[in-house]
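Work through the exercises below with the sequence and the structure side by side. Each task is followed by a solution that goes step by step.

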Amino acid sequence: MTKIVGTLGPNSRSVQVISACLMAGMSVAQFDFSWGSPDYHQVTLENLKIAVKSTKKLCAVMLDTAGPEVLVVTKVKFISLQKDGFVVLTPNQELEASSELLPINYGGLSKARQFLSKLGDLNQTQIFAKIESVEVFLFQKTALYRCNMAGKPDVLTRVVDSMTNNLRPTRAVATDVANAVLDGSDAILLGAETLCGLHPVETVSTVSRICAENWVQ
């Protein structure tokens with residue numbers, strides 16, 4: 001069943017609200033490190049532990065770490081990658097992109113890998129495809145299909161933006177959530193909706209109900 005990821009923040013970091021979100025259907029808590037101090041997030045994490053213990057609901061933790069956006073520099077609109085093939089990433093933007101070589105706009109990738117290597121075995125790191133271009137309906141469906149066929153996890157976000165300030169979802173939002181479930185999305189990520197939204201618990205409950213209704217179908 002499609003999981004619900006809730007981003008914890010100012011409006012959703014108390015033990016009471018986290019507990020309510022867990023009971024409403026949240027099964028993954030995201031910590032967005034693009035803002036706030038480590039101490040701030042540590043307090044939120046401790047509150048999550050208390051909420052998990054009191055509600056007896058299991059909850060995974062997801063970290064959204066801040067870092068540079070790496071973009072492929074190419075004039076070609078589509079590039080087909082070979083299954084089980086190797087791709088070289090290079091900061092040399094003068095080179096032409098191909099299925100074996102991808103120029104990128106960032107030159108510190110090797111240093112980033114060295115830093116991550118100090119944290120543990122990168123082979124144990126699970127990488128998610130976070131799809132934000134929900135306005136491009138066909139792209140979303142195609143991306144989810146390819147993730148499913150490749151056995152790769154995916155997280156779909158920016159689906160219920162309108163619920164950040166509204167208690168009830170629009171018909172279009174409800175349809176987007178239903179389509180995400182029917183297309184086989186592993187998880188729906190709630191960002192601002194739970195981070196600083198006015199109705200974090202109600203948003204989780206609404207998305208959970210839509211997911212359950214469409215999963216049964």
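**Exercise 1. Find the place of Cys 59 in the chain, decide whether Cys 59 is buried or exposed, and list what Cys 59 touches.**

Step 1. In this predicted model, Cys 59 belongs to the loop that runs between α2 and β3.

Step 2. The relative accessibility of Cys 59 is 19%, and because buried means under 20%, Cys 59 counts as buried.

Step 3. Once residues up to four places away in sequence are set aside, Cys 59 touches Leu 22, Met 26, Ser 27, Val 28, Ala 29, Leu 48 and Val 52.

Step 4. A separation can be added to this picture: Cys 59 and Gly 25 are 34 residues apart along the chain, and their C-alpha atoms are separated by 10.0 Å.

**Exercise 2. Starting from Met 26, describe the largest nonpolar core and say which helices and strands supply at least two residues of this core.**

Step 1. Leaving aside neighbours within four places in sequence, Met 26 is in contact with Cys 59, and also with Ile 4, Gly 6, Leu 8, Ile 18, Cys 21 and Val 204.

Step 2. The largest nonpolar core has 28 residues, and Met 26 is listed with Val 160, Val 177 and Val 207 as having the most contacts inside it.

Step 3. At least two residues of this core come from each of the helices α1 (15–24), α2 (38–55), α5 (171–182) and α7 (200–216), and likewise from each of the strands β2 (28–32) and β8 (187–190).

Step 4. A second core, separate from this one, has six residues, among them Val 5, Val 28, Met 62 and Val 155.

Step 5. As general background, nonpolar side chains in soluble globular proteins tend to be buried together.

**Exercise 3. Which residues of α1 and α5 are buried, and what phi does the glycine just after each helix take?**

Step 1. In α1 the buried residues are Val 17, Ile 18, Ser 19, Cys 21, Leu 22 and Ala 24.

Step 2. Ser 19, which has its place in helix α1, counts as buried because its relative accessibility is 12%, and, apart from neighbours within four places in sequence, Ser 19 is in contact with Ala 51, Ser 54 and Thr 55.

Step 3. Just after α1 comes Gly 25, with a positive phi of about 130 degrees.

Step 4. In α5 the buried residues are Val 173, Val 177, Ala 178, Asn 179, Ala 180 and Val 181.

Step 5. The twelve residues of α5 reach 16 Å from the first C-alpha to the last, which is close to the 16 Å expected at 1.5 Å a residue.

Step 6. Just after α5, the glycine is Gly 184, with a positive phi of about 90 degrees.

**Exercise 4. Locate Lys 56 and Asp 84, and state for each the value of phi and whether the residue is buried or exposed.**

Step 1. Lys 56 is placed in the loop between α2 and β3, whereas Asp 84 is found in the loop between β3 and β4.

Step 2. Phi is near 60 degrees for Lys 56, a positive value in a residue other than glycine, and near 65 degrees for Asp 84, which is also a residue other than glycine with a positive value.

Step 3. For context, most residues other than glycine have a negative phi.

Step 4. Lys 56 is exposed, because its relative accessible area is 73%, and Asp 84 counts as exposed because its relative accessibility is 72%.

**Exercise 5. Is Asp 32 buried or exposed, and is Phe 78 buried or exposed?**

Step 1. Asp 32 has its place in strand β2 and, at 16% relative accessibility, counts as buried.

Step 2. Not counting residues up to four places away in sequence, Asp 32 touches Thr 7, His 41 and Asp 64.

Step 3. Phe 78 lies in the loop between β3 (60–64) and β4 (88–90), and with a relative accessible area of 66% Phe 78 is exposed.

**Exercise 6. Summarise the chain as a whole.**

Step 1. The chain contains seven helices and eight strands, and 35% of its 217 residues count as buried.

Step 2. Of the contacts between residues at least 6 apart in sequence, 68% join residues at least 24 apart.

Terms used:
Residues are numbered from 1 along each chain as its sequence is written. This is a predicted model: local features need pLDDT of at least 70, side-chain atom pairs count only at pLDDT 80 or more; totals for chains, interfaces and linings use all residues. Side-chain values use heavy atoms; hydrogens and water are left out. A nonpolar core is a set of buried Ala, Val, Leu, Ile, Met, Phe, Trp, Tyr and Cys residues joined through side-chain atoms within 4.5 Å. Buried means under 20% relative accessible area, exposed over 50%, partly exposed in between (1.4 Å probe, protein chains only). Helices (H or I, at least four residues) and strands (E, at least two) are DSSP runs, numbered from the N terminus. Contact means heavy atoms within 4.5 Å. The expected span of a helix is 1.5 Å times one less than its number of residues.
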